[in-house]
Amino acid sequence: MLAPSRPYDALCPPTRALPMSKRAPLTSNGESFGQRLARLRKGAGYTQRELAAETGISQRMIAYYEKQAEHPPAHLLPALVRAFGVSADVLLGLKVPGPRSGTRDNRLARRLRQLEKLPPAERRQLVTILDKWIGNGGQ
């Protein structure tokens with residue numbers, strides 16, 4: 001038998017490396033974090049690029065998290081929770097989101113929140129345009 005190369009090697013029994021799974025861990029409903037992230041993103045009306053801008057990371061990282069990430073990025077959890085309007089438990093797959101009351105267009109709601117931040121004169125112009133457009137039956 002060869003002498004151990006490091007003194008502590010003699011104290012530690014050899015271990016067998018366990019094969020690493022290439023598949024992301026699934027929650028009880030069979031959904032991986034990436035699948036859940038993509039579902040929540042689409043449900044909130046975001047493109048990958050829009051979600052990236054909202055959370056402050058690149059679109060490539062969003063795509064990576066949706067396709068290959070095994071675990072959610074801890075530093076992004078607060079931003080993702082705010083963007084999707086769900087709890088961290090829902091984002092992590094610990095709870096199933098409850099049914100929403102009525103149909104809500106999240107993309108439109110985000111745009112309206114952005115419009116509310118405009119100066120009053122620009123808001124009035126947009127409201128006038130919207131009023132005329134709605135008055136014409138949206139045509």
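Helices here are DSSP runs of H or I with at least four residues, numbered from the N terminus. The model is a predicted one, in which local features need pLDDT of at least 70 and side-chain atom pairs count only at pLDDT 80 or more, while totals for chains, interfaces and linings use all residues. Residues are numbered from 1 along each chain as its sequence is written, and side-chain values use heavy atoms, with hydrogens and water left out.

A good place to begin is helix 1. Gly43 lies in this helix and is exposed, its relative accessible area being 55% (exposed means over 50% and buried under 20%, with a 1.4 Å probe and protein chains only). From Gly43 to Phe84 there are 41 residues in sequence, yet the C-alpha to C-alpha distance is 8.4 Å.

Glu31 sits in the segment before helix 1 (33-43). With 12% relative accessibility, Glu31 counts as buried. Its side chain makes a polar contact with the side chain of Arg39 at 2.8 Å; such a contact is a pair of N or O atoms within 3.5 Å, where one must be able to donate a hydrogen and the other to accept it.

Phe84 also appears in the packing of helix 2 against helix 4. Helix 2 (residues 48-55) and helix 4 (residues 77-84) pack at an angle of about 120 degrees, with their axes 9 Å apart. The contact (heavy atoms within 4.5 Å) involves Leu51, Glu54 and Thr55 of helix 2, together with Ala79, Leu80, Ala83 and Phe84 of helix 4.

Key: Helices (H or I, at least four residues) and strands (E, at least two) are DSSP runs, numbered from the N terminus. Axes are lines fitted to C-alpha atoms, for helices over the stretch in contact, and angles run from 0 to 180 degrees between N-to-C directions.
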